[in-house]
Amino acid sequence: MRTILITGPGGSGRTTIAAATALAAAREGVRTLVLGTDRGDSLGAALGTATGPAPVEVAPGLTAWRPDPAAGFRDDLARLQQRASGVLDLLGAAPLDPEEFTPLPGAEELAVLRALREAALTDAHELLVVDLPPTPQALALLSLPEELRRYLRRLLPPERQAARALRPVLGRLAGVPMPAEWLYETAARRDLELAAVEAVLADRGTTVRLVAEPSPAGGDAVRTAVLGLALRGLRPDALIANRVLPEDAGEGWLAGPLAQQRKALDDWRTAHHLHPVPHLGHDPRGTDDLTALAVPVAGKAPARVEWAVEDRLAEDGVLVWHLPLPGAVRENLDLVRRGDEVVVTAEGFRRVLPLPSALRRCTVAGAGLREDELRIRFTPDPELWPRTP
């Protein structure tokens with residue numbers, strides 16, 4: 001199943017574009033599911049049909065779904081409280097009633113990830129359109145599965161499960177209780193669920209579509225979004241320039257916005273697959289307005305961002321790791337090696353990247369930012385590199 005993740009700066013009309021994209025695909029005969037992530041029903045307002053925890057058919061071939069984060073949070077917390085009842089009794093804690101559970105920060109993000117996994121695993125649809133939050137929150141959401149899996153592996157290493165029989169003995173020797181088996185089982189189950197979400201995000205049939213208004217602020221937001229996506233190994237398949245004013249809109253106070261719009265559109269045409277969407281003069285509501293926007297349907301997914309390792313041992317004695325980071329600025333770029341990982345920070349976005357196997361046997365010899373690429377140079381460690389007879 002193809003997946004299109006749609007995001008953009010706040011107020012750019014990304015929900016409307018997500019609804020229009022899904023409707024256009026359904027009208028071409030593609031069985032489509034559009035997934036809403038806003039707490040309010042902005043998706044339903046755009047479609048003209050209320051959406052909620054139960055999937056609803058909006059038009060032939062088009063289903064809309066807006067999962068309830070509170071329901072999943074209550075179920076998870078109830079199971080956790082039940083499994084930890086022995087420890088809670090030992091501490092004298094009073095258990096909470098399910099009616100008392102309210103979602104904590106992060107519950108909505110986890111609900112979106114779970115819904116994304118469930119939607120991608122179903123055979124009922126051919127296309128999944130996801131109305132992501134505004135770009136900063138969307139990028140944090142996309143990084144969550146990888147980060148959570150990394151935390152789980154560090155805090156509860158799977159290899160330690162082999163010592164199950166020794167845990168009671170170790171607990172008595174250490175004087176503290178060892179993690180219970182159910183904790184490892186829960187961690188393993190969560191790891192599998194997060195791995196399934198990671199697989200959806202890394203699939204070559206998954207792409208990102210950006211939405212922005214053609215303006216100086218929109219240009220800044222697009223540059224930041226493209227950089228953040230590149231650090232995740234993603235590149236947008238299209239840039240939707242939303243609410244484009246007609247060229248004959250007149251003069252007066254509209255002359256300034258029209259000039260800014262022309263400049264933004266010209267800049268975007270040279271760097272992106274651009275598709276302008278007209279301003280209807282009102283907020284689009286219902287399927288007729290969405291059709292009038294003429295939003296493009298899902299095209300061919302663009303090639304993934306490749307992080308190639310260049311072998312320059314014969315010429316310069318180094319291996320060079322190329323990390324495309326379009327729009328990155330040297331002053332806002334940071335690089336730290338930690339064991340077999342490299343921590344890259346760019347414009348406030350951060351990712352911990354595992355080193356390719358060949359580079360783990362090398363030391364960092366330097367790095368530079370050239371032509372929108374971070375190029376990290378590695379020299380072989382004589383103690384670890386295979387020796388030539």
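This passage describes a helix and its pocket, an enclosed cavity, two antiparallel sheets and several residues of positive phi in a predicted model.

Helix α9 comprises the 16 residues 216-231, and at 1.5 Å a residue these should span 22 Å; the C-alpha atoms at the two ends of the helix are 23 Å apart, which agrees with that expectation. The buried residues of α9 are Gly218, Gly219, Val222, Ala225, Val226, Leu227, Gly228, Leu229, Ala230 and Leu231. An α-helix has 3.6 residues a turn, so residues three or four places apart point the same way. Just after α9, Gly233 adopts a positive phi of about 80°.

The second largest pocket of the model has a volume of about 550 Å³, and 27 residues line this pocket, with Val222, Arg223, Trp268, Ala271 and His272 lying nearest its centre. Two or more lining residues are given by each of α9, β7 (residues 236-244) and α10 (residues 255-271), and the largest share, seven residues, comes from α9. Val222 thus appears both among the buried residues of α9 and among the residues nearest the centre of the second largest pocket. When the lining of this pocket is divided by class, 14 residues are nonpolar, six are polar and seven are charged.

Strand β7, one of the elements that give two or more residues to the lining of the second largest pocket, also contains Arg243. The backbone of Arg243 has a positive phi of about 60°, although this residue is not a glycine. Most residues other than glycine have a negative phi. Arg243 counts as partly exposed because its relative accessibility is 27%, which falls between the limits of 20% for buried and 50% for exposed residues.

A search of the whole structure for enclosed space finds two cavities of 30 Å³ or more, and the second largest cavity holds about 40 Å³ of space. The lining of the second largest cavity is made up of Leu5, Val112, Leu113, Leu116, Val130, Leu132, Leu141, Leu142 and Leu201. The elements that give two or more residues to this lining are α5 (residues 107-121) and α6 (residues 135-155), with α5 giving the most, three residues. By class, the lining of the second largest cavity has nine nonpolar residues, with no polar and no charged residues. Val130, one of the lining residues, is found in strand β5 (residues 127-131); with a relative accessible area of 1%, Val130 is buried because its value is under the 20% limit. The C-alpha atoms of Val130 and Leu5 are separated by 4.9 Å, although the two residues are 125 residues apart along the chain.

Four strands form an open sheet in the order β9-β10-β15-β14, and the pairing is antiparallel. The edge strands of this sheet are β9 (residues 309-312) and β14 (residues 362-370), each of which pairs on one side only, and the twist from one strand to the next averages 25°. Within the sheet, strand β10 (residues 318-324) and strand β15 (residues 373-380) are paired in the antiparallel sense over six bridges, and Leu323 stands opposite Leu374 in β15. The loop between β14 and β15 contains Asp372, a residue other than glycine whose phi is positive and near 60°. Asp372 counts as partly exposed, since its relative accessibility is 41%.

A further open sheet has three strands in the order β11-β12-β13, again with antiparallel pairing. Its edge strands are β11 and β13 (residues 349-354), and each of these pairs on one side only; neighbouring strands of this sheet are turned against each other by 15° on average, direction ignored. Strand β11 (residues 333-338) and strand β12 (residues 341-346) pair in the antiparallel sense over six bridges. Across this pairing, Leu333 stands opposite Ala346 in β12, while Arg337 stands opposite Val342 in β12. The two strands β11 and β12 form a hairpin with two residues between them, and in the turn Gly339 has a positive phi of about 65°.

Conventions:
Residues numbered from 1 in each chain as written. Predicted model: local features only at pLDDT ≥ 70, side-chain atom pairs only at ≥ 80, totals over all residues. Heavy atoms only, no water. Expected span 1.5 Å × (residues − 1). Buried < 20%, exposed > 50% of the residue type's maximum accessible area, 1.4 Å probe, protein only. 1 Å grid on protein atoms, 1.4 Å probe; cavity = no way out; pocket = protein on both sides within 12 Å on 5 of 7 lines; lining within 4 Å. Points joined across faces, edges and corners; volume = space filled by probe spheres on them. Nonpolar A, V, L, I, M, F, W, Y, C, P; charged D, E, K, R; others polar. Pairing = 2+ DSSP bridges. Axes fitted to C-alpha atoms, helices over the stretch in contact; angles between N-to-C directions.
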